[in-house]
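Let's take a friendly walk through some charged pairs and a helix in this structure. Have the coordinates open as you read.

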Amino acid sequence: MSPKRIDDGSLAEEAGEPRFSPRAPFHTALRSFPLRTRRPGEPLVVEHLVRRFGFTLVAGAAGLRRPILVSELHRPGLALAGHFAYHPPERVQVLGKTEVSFVADLPAALRFERFRRLLSPETPCVVVAHGEAAPPELLSAAEEAAVPVL
């Protein structure tokens with residue numbers, strides 16, 4: 001597959017990977033993202049996401065150079081409920097309205113413990129979506145684990 005220029009001047013694969021569009025779902029953009037921001041041989045890291053998508057870093061700045069090794073995202077609802085048996089820590093973790101409202105009903109100590117378990121050494125970052133505020137326990141656990149929260 002040879003790279004091909006698209007309307008914003010970035011590169012996209014001719015076949016296989018989808019093209020990037022600012023309106024594309026985040027996982028689609030993440031799959032095609034490495035072709036646009038990395039030099040050959042340079043790993044995709046969280047800092048690239050911050051620069052390309054304009055994310056605001058709210059915690060875990062020490063982890064901005066964490067690598068993103070897989071393009072799949074994870075909504076960690078079951079993990080936040082305490083079931084970590086098949087939790088994929090290597091994925092970007094996305095907290096939406098459902099996850100944020102669920103953890104709001106948990107006691108603060110339990111919220112902190114769940115976020116601590118969620119943020120493993122393999123976790124690249126956490127994205128808090130839909131304009132939701134990141135819970136304070138997430139911010140504390142993220143600083144402790146050096147996992148960026150965007």
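Glutamate 47 is partly exposed in this predicted model, with a relative accessible area of 27%; that value lies between the 20% limit for buried and the 50% limit for exposed. Its partner in a salt bridge is arginine 65. Glutamate 47 belongs to helix 3 (residues 46–53), while arginine 65 sits in the loop between helix 3 and strand 3 (73–74), so the pair links distant parts of the chain, 18 residues apart.

How many salt bridges does a search of the whole structure find? The count is five, and the table shows some of them.

| Acidic residue | Basic residue | Closest N to O |
|---|---|---|
| Glutamate 47 | Arginine 65 | 2.9 Å |
| Glutamate 137 | Arginine 111 | 2.9 Å |
| Glutamate 144 | Arginine 116 | 2.6 Å |

Now look at helix 6 and helix 7. Arginine 111 in helix 6 and glutamate 137 in helix 7 are 26 residues apart. Are these two residues buried or exposed? Both arginine 111 and glutamate 137 are buried. Glutamate 144 of helix 7 pairs with arginine 116 of helix 6, so this salt bridge ties together parts 28 residues apart in sequence. Here the partners are partly exposed: glutamate 144 has a relative accessible area of 48%, and arginine 116 is at 45%.

Which residues of helix 7 (residues 136–145) are buried? They are Glu137, Leu138, Ala141 and Ala142. Viewed down the helix axis, these buried residues fall within an arc of 135°, so they line one face of helix 7. Their cover includes strand 4 (92–95), helix 6 (108–118) and strand 5 (126–128). After helix 7 comes alanine 146, with a positive phi near 55°.

Terms used:
Residues numbered from 1 in each chain as written. Predicted model: local features only at pLDDT ≥ 70, side-chain atom pairs only at ≥ 80, totals over all residues. Heavy atoms only, no water. Buried < 20%, exposed > 50% of the residue type's maximum accessible area, 1.4 Å probe, protein only. Helix = DSSP H or I, 4+ residues; strand = E, 2+ residues; numbered from the N terminus. Arc of directions from axis to C-beta. Contact = heavy atoms within 4.5 Å. Salt bridge = Lys/Arg side-chain N within 4 Å of Asp/Glu carboxyl O.
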